[in-house]
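Q: Could you take me on a close look at one aromatic pair in this structure, and at the surroundings it sits in?

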Amino acid sequence: MKHLFTKIFLFHLLLIGAVQVTAQNKKSGNPILPGFHADPEVLYSHQTKRYYIYPTSDGFPGWGGSYFKVFSSKNLKTWKEETVILEMGKNVSWANGNAWAPCIEEKKIDGKYKYFFYYSANPTTNKGKQIGVAVADSPTGPFTDLGKPIITSSPTGRGQQIDVDVFTDPVSGKSYLYWGNGYMAGAELNDDMLSVKEETTVVLTPKGGTLQTYAYREAPYVIYRKGVYYFFWSVDDTGSPNYHVVYGTMTDEKGHFMLARSDRSSQSPDSTHSKSKRRNLRTCPQLYPASTGKRQMVYRIPPYQQEPSE
């Protein structure tokens, strides 16, 4: 899943940034966040003219993180910890933990900016992970939870409701949610961004592939470029050395995949990395233009570990 951290040893936790503390790492500032975090979601706010990272909070037994923090930056290099924006149990009445893999969307509604924060968590009923949403007037909150989950079950009858991604189509202006472990589903959001149009829910799980190529497991992520929709997803178990990211393309945001690529965006760009470090590099395809005109990628390095069974 988007969420990753060690099952056994606290010192084997995820870091956002690079593996080795070299001169190059010192120059780049990696890792960019203090402590242990995963699943970096990046937002550029047109309201504040700043960048924000919303990660999963790690460092807890049993993948039991219960809150989300936000970090801000003017330049994508130096990051400031802002605040805890949402805590299960305290701010979210329907969930008790496993706060994982968030995403966020900035919308201008009636002339005012609104921020819609989607995430997955374990419900108090303990009947499988579900997806919720919270709303704020600022990228740093305060966020107010809807009070109930908006995605509670799988359209396929199996898998988990996690790894949510929100995408606003620049062509139609419509917003969509994509999610799923064991399946990929998508649905159009209503204008209020607080619920989905149930009749638009469609199963988009890519067909075919193997664990060595592009067989879908989890963590969909969508971008649009030059008339093509790019769908990224993760392959294999999150604890496997083979865990990697691939992509497929569509010409419609909820149509059929035209191409599935086995190119691994999880391969290490640094040939000096040891095999164990290289095989555990997983990138998150959150790409944003920097002031230099170049694109930057926010990623994390996970240790080898086994995904706990549900």
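A: Happy to; here is a walk from the pair itself out to its surroundings. Please keep in mind that this is a predicted model.

A search of the whole structure turns up 17 aromatic pairs. One of them joins Phe117 and Phe143: their ring centres are 5.7 Å apart, with 55° between the planes, and the pair is classed as tilted. It links distant parts of the chain, since the partners are 26 residues apart. Phe117 belongs to strand E7 (residues 112–123), whereas Phe143 lies in the loop between strand E8 (130–136) and strand E9 (144–145).

How buried or exposed are the two rings' residues? Phe117 has 0% relative accessibility, so it counts as buried. Phe143 has 7%, and therefore counts as buried too.

The pair also has aromatic company: Phe117 and Phe143 form one cluster with Tyr52, Tyr54, Phe68, Trp94 and Tyr119.

Stepping back further, we reach the largest nonpolar core, which has 20 residues. Both Phe117 and Phe143 are among the members that touch the most others, together with Leu86, Met88 and Tyr119. At least two residues of this core come from each of strand E3 (50–57), strand E4 (67–73), strand E5 (80–87), strand E6 (95–109), E7 and E8. The strand that holds Phe117, E7, gives the most, with 4 residues. Apart from this core lies another one, of 17 residues, including Val133, Leu177, Trp179 and Tyr183.

Key:
Residues are numbered from 1 along each chain as its sequence is written. This is a predicted model: local features need pLDDT of at least 70, side-chain atom pairs count only at pLDDT 80 or more; totals for chains, interfaces and linings use all residues. Side-chain values use heavy atoms; hydrogens and water are left out. Rings of Phe, Tyr and Trp (its six-membered ring) pair if their centres lie within 6.5 Å; planes under 30 degrees apart count as stacked, over 60 as edge-to-face and the rest as tilted. Buried means under 20% relative accessible area, exposed over 50%, partly exposed in between (1.4 Å probe, protein chains only). A nonpolar core is a set of buried Ala, Val, Leu, Ile, Met, Phe, Trp, Tyr and Cys residues joined through side-chain atoms within 4.5 Å.
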